[in-house]
Amino acid sequence: MHDHAHHHHDHHGHAHSGGNSLLWGVALTLGFALFEALGGWWAQSLALLGDAGHMVSDATALGLAALAAHIAKRPPSLRHSYGLGRAEVVAALINSVFMVTVVVFIIDAAITRLRQPVPVAGGAVMAIALVGLFINILVAWVLSRGERSLNNRAALLHVLGDALASVAALISGVVIYYTGWLPADPLLSLLICALILYSAARLLREVLHIIMEGVPSYLNLREVGLAMAGVEGVNSVHDLHIWTLSSGRVVLSAHVNISSMEHWDGILARLQQMIDERFAIDHVTLQPQSQAGTVVRVPAPPD
């Protein structure tokens with residue numbers, strides 16, 4: 001076995017900020033989604049049901065994120081040496097599948113409605129959709145008062161999608177109320193489905209990229225390698241790997257070829273500082289090798 005030089009800060013105790021505002025957003029969104037679903041069922045409006053489904057999916061996403069953030073705070077154990085940070089990734093995967101399931105049911109119902117129109121209470125649809133738009137604005141305000149964490153920024157994007165869905169449902173109610181044109185409801189519900197699918201596809205792509213241990217999209221593996229090779233005392237870098245453990249936690253490992261072990265401590269410190277400051281990666285595992293390629297054993301410095 002080869003000893004590695006490690007450099008990392010304690011991520012496990014790091015707070016997933018904005019927790020209170022996130023929970024308030026979940027409560028408001030889920031509460032109105034249930035009310036909107038009942039209203040959509042009473043008014044026979046697929047647009048309202050679609051908007052309710054969108055809001056339920058978002059509330060579920062935020063709730064799972066909050067639960068996963070709590071689980072992710074648990075320290076590493078003998079069975080999970082990296083901790084449980086990837087609980088967030090699992091939560092995101094469950095949510096994306098749930099969102100797609102909601103869409104399938106709404107699309108099926110919309111196609112049926114287009115073939116066999118059903119009377120819709122346009123006035124009720126307008127009123128409920130207007131309240132939904134107000135709730136979305138309120139949730140956005142609550143979230144904006146929280147800390148600018150990754151979870152909060154994602155939540156704000158979800159709320160914007162909810163607002164668009166509420167606007168679509170509102171338009172459906174207006175068209176039906178003033179013109180009586182019933183296809184407006186299933187057509188606008190399909191538009192809402194498109195919004196949900198777009199959000200789900202982006203989320204699923206990001207989740208799968210993390211599961212496949214891909215390099216974070218904002219980092220360039222070649223650029224990082226060249227920057228490391230340019231540090232004084234480094235001859236070359238190989239076996240470079242960068243991947244995401246969980247939200248906001250990126251890990252790097254590499255073999256560093258040096259001429260002599262005499263100056264390794266200084267080289268290691270320079271590499272750690274450069275990688276942290278330039279690429280915001282502070283969980284780094286580096287293995288020194290002599291110029292000839294022989295692995296040099298170095299005891300890991302204490303944290």
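Buried here means under 20% relative accessible area, exposed over 50%, and partly exposed in between (1.4 Å probe, protein chains only). The model is predicted, with local features kept at pLDDT of at least 70 and side-chain atom pairs at pLDDT 80 or more, while totals for chains, interfaces and linings use all residues. Residues are numbered from 1 along each chain as its sequence is written, and side-chain values use heavy atoms, with hydrogens and water left out.

Asp 239 is a handy place to start. At 43% relative accessibility, Asp 239 counts as partly exposed. Asp 239 sits in strand β2, and its phi is near 50°, a positive value in a residue other than glycine. Ala 280 also has a positive phi, near 60°. Ala 280 belongs to the loop between α8 and β4, just after α8, and with 58% relative accessibility it counts as exposed.

As for the overall layout, the protein has eight helices and four strands (DSSP runs numbered from the N terminus: helices are H or I with at least four residues, strands are E with at least two). Along the sequence, the pattern runs β-α-α-α-α-α-α-α-β-β-α-β. Of the 303 residues, 46% count as buried. Contact is taken as heavy atoms within 4.5 Å. Among contacts with a separation of 6 or more, 73% come from residues 24 or more positions apart. The protein exposes about 15,900 Å² (Shrake-Rupley method, 1.4 Å probe; for residues, only the protein chains shown count as cover). Carbon and sulfur atoms supply 64% of that area.

Now to the inside. A nonpolar core is a set of buried Ala, Val, Leu, Ile, Met, Phe, Trp, Tyr and Cys residues joined through side-chain atoms within 4.5 Å. The largest such core has 23 residues, and those touching the most other members are Met 228, Ile 242, Leu 252, Val 256, Leu 271, Ile 281 and Leu 286. Two or more residues come from each of α7 (221-229), β2 (234-246), β3 (249-258), α8 (264-279) and β4 (283-289). Helix α8 gives the most, with seven residues. Leu 252 shows how these pieces meet: leaving aside neighbours within four places in sequence, its contacts include Val 224, Met 228, Leu 240, Ile 242, Ile 275, Ile 281 and Leu 286. A second, separate core has 17 residues, including Val 120, Ala 124, Val 139 and Val 159.

Helix α8 deserves a closer look. Its buried residues include Trp 264, Ile 267, Leu 268, Leu 271, Met 274, Ile 275 and Phe 279, along with Gln 272. An α-helix has 3.6 residues a turn, so residues three or four places apart point the same way. At 1.5 Å a residue, times one less than the number of residues, the 16 residues of α8 should span 22 Å, and the end C-alpha atoms are 21 Å apart, which agrees.

Over in the second core, Val 120 lies in the loop between α3 and α4 (122-144), and at 13% relative accessibility Val 120 counts as buried. Apart from residues up to four places away in sequence, Val 120 touches Ala 43, Gln 44, Ser 45, Arg 113, Val 125, Ile 176, Leu 182 and Asp 185. The C-alpha atoms of Val 120 and Gly 40 are separated by 9.2 Å, although the two residues are 80 residues apart along the chain.

Two of those Val 120 partners, Arg 113 and Asp 185, also pair up with each other. The structure holds two salt bridges (a side-chain nitrogen of Lys or Arg within 4 Å of a carboxyl oxygen of Asp or Glu). In one of them, the side chains of Asp 185 and Arg 113 meet at 3.7 Å, N to O. Asp 185 lies in helix α6 (residues 184-211) and Arg 113 in helix α3 (residues 87-115), so the pair ties together parts 72 residues apart in sequence. Both Asp 185 and Arg 113 are buried.

The side chains of Glu 223 and Arg 278 form a salt bridge too, again with 3.7 Å from N to O. Glu 223 in helix α7 and Arg 278 in helix α8 are 55 residues apart, and the pair links distant parts of the chain. Glu 223 is partly exposed at 38% relative accessible area, whereas Arg 278 is exposed at 51%.
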